[in-house]
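Visitor: I have a structure open and would like a plain walk through it. Can we start with a single residue and work outwards?

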Amino acid sequence: MRKIIKILKASVFVAILGMIFYVAFIVDYEQPYKINVIEINGGEHLSTEKYFSYAGLDDKSKYDELTLPIIKSRLEKHPYVKRANVLYVGDGKVEVKITEKDFRAILMTGDKEFILTSDFEVLPVLPYTMQINIPVITDNKLSAKIKAFDYVGKNKELLPVLKIFDVMKMINPQLFDNLSEIARVNEKDFNLYFTFANYDLIIDRKNAIDEIYKFNALWKYLDGNSIVDELDYVDLRYKGKIFLGFEEKTAEGNKS
């Protein structure tokens with residue numbers, strides 16, 4: 001008797017499991033409605049037209065071939081798209097909400113230009129890309145080591161720069177928001193440039209974090225001070241000392 005009960009339970013379990021798979025298959029691959037209109041929202045880095053074109057959604061004569069999973073799959077294959085939420089709202093209309101990947105920096109190395117995301121993924125810079133108001137990392141030494149779609153979170157050459165981003169954003173978001181470029185000058189030094197300043201910040205690569213803390217304190221003193229109008233550079237590479245370089249004044253005017 002117990003054996004029969006066990007067999008019945010197993011049979012019921014298999015039947016229920018089969019129904020679940022069948023329903024899932026029907027939901028995913030069959031749709032009882034016709035798609036006439038697709039609306040895409042949420043894109044900032046590319047226009048809606050470019051996303052339509054990439055996903056093959058710009059030809060309405062082929063909408064009969066589409067399902068919600070197909071639309072989702074096509075859009076999520078785009079390099080800039082992290083997620084696409086697709087919803088049928090009725091009357092033949094489908095709404096798509098795109099969530100783009102978080103762009104962290106533009107990476108320029110040699111004659112190559114990439115986008116670096118917050119997940120440390122390297123993306124190509126596609127034509128017609130818009131709204132890239134992010135810092136630039138310039139490092140020619142990386143030209144042979146960086147490729148599109150690589151993940152570089154553990155790249156030893158980039159780690160010091162990424163740490164500068166994190167620390168600056170933590171201690172002074174305003175300073176971070178105004179960071180325009182970090183340029184590798186040589187094996188030892190970085191030059192930093194800010195949108196609010198005409199002077200360069202020179203720091204030592206090995207001691208970059210400590211020197212960012214020092215500059216943050218110095219910047220609070222310099223902010224609004226007329227001295228900054230004559231500054232050419234701020235050099236923090238020498239332990240315990242701060243060197244301020246000023247533009248040379250001549251009879252002909254100011255010269256750097």
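**One residue, then the sheet**

Guide: This is a predicted model. Asp-139 has a relative accessibility of 3%, so Asp-139 counts as buried; the cut-off for buried is under 20%.

Visitor: Where is Asp-139 found?

Guide: Asp-139 sits in the loop between strand 7 and helix 4.

Visitor: And what is Asp-139 in contact with, leaving aside neighbours within four places in sequence?

Guide: With those set aside, the contacts of Asp-139 are Met-108, Thr-109, Glu-157 and Arg-184.

Visitor: Back to strand 7. How does strand 7 run against strand 8?

Guide: Strand 7 (residues 136-138) and strand 8 (residues 179-184) run parallel, joined by three bridges. Glu-181 in strand 8 is the bridge partner of Val-136.

Visitor: What about helix 4, which strands does that lie across?

Guide: Helix 4 covers residues 159-171 and lies across strand 4 (103-109), strand 5 (112-117), strand 7, strand 8, strand 9 (189-194) and strand 10 (200-204). Helix 4 runs at about 40° to strand 9.

Visitor: Which strands does helix 6 touch?

Guide: Helix 6 (residues 208-222) packs on the sheet and touches strand 9, strand 10 and strand 11 (231-235). The direction of helix 6 makes about 150° with that of strand 10.

Visitor: New topic, the sheet. What is the strand order?

Guide: The order is 6-5-4-7-8-9-10-11-12, in an open sheet of nine strands with mixed pairing.

Visitor: Which are the edge strands?

Guide: Strand 6 (122-124) and strand 12 (243-246), each of which pairs on one side only. On average, neighbouring strands of this sheet are turned by 25° against each other, direction ignored.

Terms used. Residues numbered from 1 in each chain as written. Predicted model: local features only at pLDDT ≥ 70, side-chain atom pairs only at ≥ 80, totals over all residues. Heavy atoms only, no water. Pairing = 2+ DSSP bridges. Helix = DSSP H or I, 4+ residues; strand = E, 2+ residues; numbered from the N terminus. Axes fitted to C-alpha atoms, helices over the stretch in contact; angles between N-to-C directions. Contact = heavy atoms within 4.5 Å. Buried < 20%, exposed > 50% of the residue type's maximum accessible area, 1.4 Å probe, protein only.
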